[in-house]
Amino acid sequence: MVIVLNKNAFKLPRVDREKFISLMRLGLDYNRDQGVFSIKSYNNIEKAMEAISSILGGSEVVFLQSCIRCGKDFPCTNCNYIELCNTKNLPFSCVCPQCLRDRKQFEEYLEKF
Amino acid sequence: MQRNELLWVEKYRPKKIQDVVGNEEAKELFVEWLKNKRHTKKAVLLYGPPGVGKTALVNAAANEFGFTIIEMNASDTRSEKAVNAVAKPATSYVALDNFSGSTKSSGNLLFLDEVDGIAGNEDRGGVAAILKIVEESLVPVILAANDPNIDKLRPLKKVCLLVRFQQVRIPLIIALLQKICLLEHVHAEFEALERIAQNSRGDVRSAINDLQSLSETNRTLTLQDTVVLTSRNKDVSMDETLRGFFSAKSVAEASSLLSYSSVDYDDFLLSVSDNLPRRYMDPGELAAAYDFVSQADVFRGRIGTENWHLLKYFYNALAKAAAVNPQSYKPFEFISPPIRVMTLFWTKSRRSMLDAICSKIGVQCHVSKETAKEDFVPYIKEILIKQKKSPLIAYFKFTPEEVDFLIKMSRF
C-alpha cells in the first residue's frame with residue numbers, strides 16, 4: 001500500500017521516546033499544538049522515510065510534490081517519467097503533468113518573471 | 001563574439017536565484033543562511049552530484065545580493081600556504097564599499113569549490129587551513145563538494161550547515177527548455193524536448209547544448225530531429241570511436257563524432273596520442289597532428305571538472321588532429337587501451353611491492369617512503385646482492401619475496 005503524505009503536516013501513530021528522538025535527528029519537526037510532524041531538513045530524507053515507513057507498518061511512503069508553476073500539490077505517481085527519475089519523491093518541488101503540457105499556463109508563468 | 005553566437009549555456013546562465021532550476025529546498029535553506037547575518041553555522045557546505053547547480057546558485061546569489069566572490073577551485077593548489085594567501089585577506093576585512101552607502105556591495109564571499117578534491121602533498125594542510133578560516137572569517141564562507149562523506153571533510157562538516165542538492169528532474173529540464181525555446185523563438189514539439197531532457201540524464205548543461213545544436217540551423221524542432229541524440233546513450237567502444245575519428249573526412253565530422261561519443265575524454269586523448277604514428281606516415285603531418293593534440297590537452301586541463309563550456313575547443317583541437325590529411329587514411333590496427341594506462345596496470349604489483357619495502361625502511365629509519373626509495377633502496381640492493389643473508393633483512397623485516405624483488409629489480 002502507498003501512503004501519500006504532505007511534507008508540511010502529517011500525523012503518525014504514537015511512537016516511543018527513542019523512536020521520536022531518532023525521527024527528530026533525521027530531520028523531522030513536531031508541532032505539539034496540532035500534533036503533526038513536518039519535514040525540517042532534507043539531508044537524511046531517505047532514512048527519515050524508511051523510519052516513517054516502519055512506523056506505518058512497512059507501507060510505502062510518498063510525499064506530495066508542489067508544482068512550481070501552479071502551486072498545486074501532486075504525487076509522483078502521476079508523473080510520466082517516474083521510471084526514469086533518480087530522485088523520486090525528493091526534492092519536493094517539480095512541475096505537474098498538466099502544467100508541463102499546458103502552453104498557456106506556461107506563458108502566464110513566464111510573465112511573472 | 002556577438003550575442004547571438006553565444007553558447008546558450010552561457011547566455012542562460014542563472015543571473016538570479018529563481019533562475020536556478022530545481023532543488024527548491026536547498027535554495028531556500030542556502031538563501032536563508034546567506035541573508036542571516038548572525039549565522040549559527042559559520043559556513044555552508046553545498047553537496048550533491050555534478051551539474052545540478054551548486055556553483056550556479058552561488059554565482060546567482062552573489063549577483064543578486066551584491067557579493068564579490070573570491071573563489072578557489074580544484075584547478076588551484078590548496079595547500080595551507082595557498083589557502084591562507086588567498087582566503088585570509090578576503091575574509092579578514094569587511095569591504096570599504098559597505099560603509100560608503102553609494103553602492104549595493106555586500107562585501108566579499110569566499111567560495112571554495114570542490115573541497116572533496118583537496119588531496120595529496122600539493123594540498124597538504126589545506127583542510128586545516130580552511131577550518132581555521134571558517135572559524136575566524138568575517139564574511140560568508142561557502143564550500144561545495146560532490147562527495148561529502150570522505151573522512152578528511154569530517155571536521156569541516158561539523159562547522160558547516162549542510163545543504164544537499166539532488167539531480168534535476170526531467171519535468172524541470174523540460175520546463176527550462178520550453179523557456180529557452182520561447183526566448184529564442186524556436187518552435188519545438190513537446191516530444192522533442194522530452195527526448196532531449198530524457199537523454200540528458202539530469203544534466204541541465206548537456207540538455208541546453210543539445211537543444212542549441214539541434215535547433216541552430218532550423219528554428220523548428222521535431223521529434224525526428226532528435227534521432228541523432230540516441231547515439232549518446234549507446235555504449236560505443238573505444239575502438240569504434242577511434243575508427244570513426246581517424247576516418248573522418250573533415251574537422252566537423254570528427255568533432256561531431258566526439259560530441260556524441262561517451263568514451264572517457266582523458267583515455268581518448270591518450271589513445272589518439274598513441275595511435276597518431278600509425279595514422280600519419282609523413283613526419284610533417286604527424287608533427288602537425290601532435291600540435292593539435294597538445295592544444296586539446298591544454299584545453300582539457302583548463303576544463304578541469306567545471307569549465308565544461310570550453311569542451312567545444314577541446315573537441316575542435318582534437319578533431320583537427322584527425323583531419324590533417326583526410327585523403328591519406330588507410331585502415332590500421334588501433335593501440336587500445338592507452339599505453340600509459342596499460343603500463344600502470346602491468347607494473348601495479350611491482351609498484352606495490354616497492355611501496356611495501358619503502359614503508360618498512362621508512363618505519364625503521366624515520367624517513368618518508370620517497371626518501372627511502374631514492375636514498376636507501378639502491379644501497380640496500382647492493383648490500384643484498386653481495387650478502388644474501390645480511391642482518392638488514394631481519395632489521396627491516398623483509399620477506400623472502402621482497403629480498404628477491406630487491407636483488408632482481410633493475411630500475412627505480
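Me: In this predicted model, what is the handedness of the crossing of α9(B) and α10(B)?
Reply: The two helices that cross are α9, residues 190-200 of chain B, and α10, residues 204-215 of chain B. In this model, which is predicted, the crossing of α9(B) and α10(B) is right-handed.

Me: Is α9(B) parallel or oblique to α10(B)?
Reply: The axes of α9(B) and α10(B) lie 8 Å apart and the helices pack at an angle of about 140°. Angles over 145 degrees would count as roughly antiparallel and those from 65 to 115 as roughly perpendicular, so an angle outside the named ranges is oblique. That angle therefore makes α9(B), with respect to α10(B), oblique.

Me: How many nonpolar residues are there in the contact of α9(B) with α10(B)?
Reply: On one side of this contact stand I196(B), A197(B), N199(B) and S200(B) of α9(B), and they meet S206(B), A207(B), D210(B) and L211(B) of α10(B). Divided by class, these residues include 3 polar and 1 charged, while the number of nonpolar ones is 4.

Me: How far apart are the end C-alpha atoms of helix α3 of chain B, and why does that agree with its 12 residues?
Reply: Helix α3 of chain B runs over residues 54-65, and at 1.5 Å a residue its 12 residues should span 16 Å. The expected span takes one less than the number of residues, which is why 12 residues lead to that figure. The end C-alpha atoms agree with this expectation, being apart by 17 Å.

Me: Which strands of chain B do the buried residues of α3(B) pack against?
Reply: The residues of α3(B) that are buried are K54(B), L57(B), V58(B), A60(B), A61(B) and A62(B). They pack against one helix, α2 (24-35), and also against the strands β1 (43-47), β2 (67-72), β3 (107-112) and β4 (141-145).

Me: Which residue follows α3(B), and what is its phi?
Reply: After α3(B), whose residues are 54-65, the chain continues with G66(B). The phi of G66(B) is positive, near 75°.

Me: Is A60(B) buried or exposed?
Reply: A60(B) lies in helix α3 of chain B, and leaving aside neighbours within four places in sequence, it is in contact with P14(B), K15(B), K16(B), I17(B), D19(B) and V20(B). One of these, I17(B), is 43 residues away in sequence, yet its C-alpha atom is 5.3 Å from that of A60(B). Because A60(B) has 20 C-beta neighbours inside 10 Å, it counts as buried.

Me: What separates the C-alpha atoms of A248(B) and Q327(B) in space?
Reply: A248(B) lies in the loop between α11 (238-246) and α12 (251-260) of chain B, and with 20 C-beta neighbours inside 10 Å it counts as buried. Not counting residues up to four places away, A248(B) touches E253(B), A254(B), L257(B), A322(B), A323(B) and P326(B). Although A248(B) and Q327(B) are 79 residues apart along the chain, their C-alpha atoms are separated by 9.7 Å.

Me: How many nonpolar residues are on the side of chain A that touches chain B?
Reply: Between the chains, 20 residues of chain A are in contact with 20 residues of chain B. On the chain A side, β7 (93-94), α3 (97-101) and α4 (103-111) each supply at least two residues. By class, that side has 4 polar and 1 charged residues, and its nonpolar residues number 15.

Definitions and conventions:
Residues are numbered from 1 along each chain as its sequence is written. Chains are lettered from A and ligands numbered from 1 in the order in which they are written. This is a predicted model: local features need pLDDT of at least 70, side-chain atom pairs count only at pLDDT 80 or more; totals for chains, interfaces and linings use all residues. Helices (H or I, at least four residues) and strands (E, at least two) are DSSP runs, numbered from the N terminus. A residue is buried if 20 or more other C-beta atoms lie within 10 Å of its own, exposed if 12 or fewer, and partly exposed in between; C-beta atoms are placed from the backbone. Two residues are in contact if their C-beta atoms, placed from the backbone, lie within 7 Å. Ala, Val, Leu, Ile, Met, Phe, Trp, Tyr, Cys and Pro count as nonpolar, Asp, Glu, Lys and Arg as charged, and the others, Gly among them, as polar. Axes are lines fitted to C-alpha atoms, for helices over the stretch in contact, and angles run from 0 to 180 degrees between N-to-C directions. Angles under 35 degrees count as roughly parallel, over 145 as roughly antiparallel, 65 to 115 as roughly perpendicular and the rest as oblique. A crossing is left-handed if the near helix is turned anticlockwise from the far one by less than a right angle, and right-handed if clockwise.
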